[in-house]
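Here's a quick briefing to read alongside the structure. Have the model open and click along as you go.

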Amino acid sequence: MNDFVGISDLDMAVIIGARGGIGEAFVESIIQTTSTTKIIATSRNEEWCQAPCTGRVHRQSLDVTDEQSISALAEHLKAQSQNPKLIVNCTGILHRHDARPERTWREFDLDWMRAVFDVNALGTGLLVKHLIPLMPRTGRAIFVTLSARVGSIADNRLGGWYSYRASKAAQNMIMKTASIESRYRRPELILASLHPGTVDTDLSAPFTARVQPDKLFTPAFSCERLSEVMRSLTPADSGEFFAWDGSTIQW
Ligand SMILES: NC(=O)c1ccc[n+]([C@@H]2O[C@H](COP(=O)([O-])OP(=O)(O)OC[C@H]3O[C@@H](n4cnc5c(N)ncnc54)[C@H](OP(=O)(O)O)[C@@H]3O)[C@@H](O)[C@H]2O)c1
């Protein structure tokens, strides 16, 4: 099958955060279901980047908080005259060995809040800045970023998780604004924020004890659903926020 996400001639794809649970599932799915000749898969982990892998996958070191590493990827693609039709940003942080999402404002910690914003919101901005200009001016092309339903201000009923929620809301705003800017030069480009559901990965692991088994998706299932959502998107949907089942999430 060659029409992964509705792009029939998908010669290359870029998966940012490809060592993570959902990112890895995207790479695997593209390998399994398409004849895409080149998949750029990024991580900060040098050892992973150097490890041997299938010939179609090219691993590249990239840290979304390091603008130079993003511009290095852009330069690499430019040097090879490559114009990716599909870019999926699967990076994100919710917790760290020394930090968990805040339950109350009493737990605010500026360093942690900045770290979460750097990756989830500002990192997405830098990817937009350096990678969208490389995407084709005509024809179907998709740039999506994995967001989270908890970034919806309208949907916030439980409170808590201040930095993660706020960073995802900011990420969504960056995507929405970029979709407006890109309309003129790239009218067929689709930008979207996608909620993958609750997925069994390192990111969610500390918080899934009480999730019903049928509500905890495997990365492969989430990726399959998100690919289906992407397949259905048209330029009129650009800038919107969708869940894994295709429903629109309110801002
Ligand atoms: N899992 C869920 O239930 C769930 C729910 C809602 C939304 N999401 C969103 O889905 C996305 C993917 O999450 P996941 O569940 O696949 O989590 P994951 O397995 O923890 O993967 C996240 C990846 O982000 C990368 N990353 C973190 N900081 C980075 C940085 N500074 N630069 C580059 N990459 C960085 C890490 O890659 P390296 O360490 O290899 O660099 C990590 O593998 C995230 O945006 C998350 O917010 C997940």
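What follows is a short tour of two helices, a ligand shell, a buried strand and one loop residue. Keep in mind that this is a predicted model. The ligand has 28 residues around it, strand S6 is largely enclosed by the rest of the structure, and helix H4 carries a kink of about 40°.

**Helix H4**
- H4 covers residues 110–131, and its 22 residues should span 32 Å at 1.5 Å a residue; the end C-alpha atoms sit 29 Å apart, which agrees.
- The kink in H4 is centred on Asp 118.
- Val 116, Val 119, Asn 120, Ala 121, Gly 123, Thr 124, Leu 127, Val 128 and Leu 131 are the buried residues of H4.
- Those buried residues pack against three strands and two helices: S1 (12–16), S4 (86–89) and S5 (141–146), plus H3 (67–79) and H5 (162–185).

**Around the ligand**
- Of the 28 surrounding residues, the closest are Gly 20, Ser 43, Gly 92, Thr 201 and Leu 203.
- Sorted by class, the shell comes out as 13 polar, 11 nonpolar and 4 charged residues.
- Helix H1 (21–33) and strand S7 (198–199) each put at least two residues into the shell, and H1 has the largest share, with 3 residues.

**Helix H1**
- H1 has 13 residues and reaches 18 Å from its first C-alpha to its last, close to the 18 Å expected at 1.5 Å a residue.
- Its buried residues include the run Gly 21, Ile 22, Gly 23, Glu 24, Ala 25, Phe 26 and Val 27, along with Ile 30.

**Strand S6 and its partner**
- All 7 of the 7 residues in S6 (residues 189–195) are buried, so the strand is largely enclosed by the rest of the structure.
- Leu 189, Leu 191, Ser 193 and His 195 point one way from S6, while Ile 190, Ala 192 and Leu 194 point the other way; both sets are buried.
- S5 and S6 run parallel and are joined by 6 bridges.
- Opposite Leu 194 in S6 you'll find Leu 146.

**Arg 56**
- Look for Arg 56 in the loop between helix H2 (46–50) and strand S3 (57–61).
- Arg 56 counts as partly exposed because it has 17 C-beta neighbours inside 10 Å, where 20 or more would make a residue buried.
- Setting aside neighbours within four places in sequence, Arg 56 is in contact with Ile 31, Thr 36, Thr 37, Lys 38 and Ile 39.
- Arg 56 and Ser 71 are 15 residues apart in sequence, and their C-alpha atoms are 22 Å apart in space.

Note on methods
Residues numbered from 1 in each chain as written. Predicted model: local features only at pLDDT ≥ 70, side-chain atom pairs only at ≥ 80, totals over all residues. Helix = DSSP H or I, 4+ residues; strand = E, 2+ residues; numbered from the N terminus. Expected span 1.5 Å × (residues − 1). Bend = angle between axes of the 7 residues up to and from the residue. Buried ≥ 20, exposed ≤ 12 C-beta atoms within 10 Å, placed from the backbone. Contact = placed C-beta atoms within 7 Å. Near = placed C-beta within 6 Å. Nonpolar A, V, L, I, M, F, W, Y, C, P; charged D, E, K, R; others polar. Pairing = 2+ DSSP bridges.
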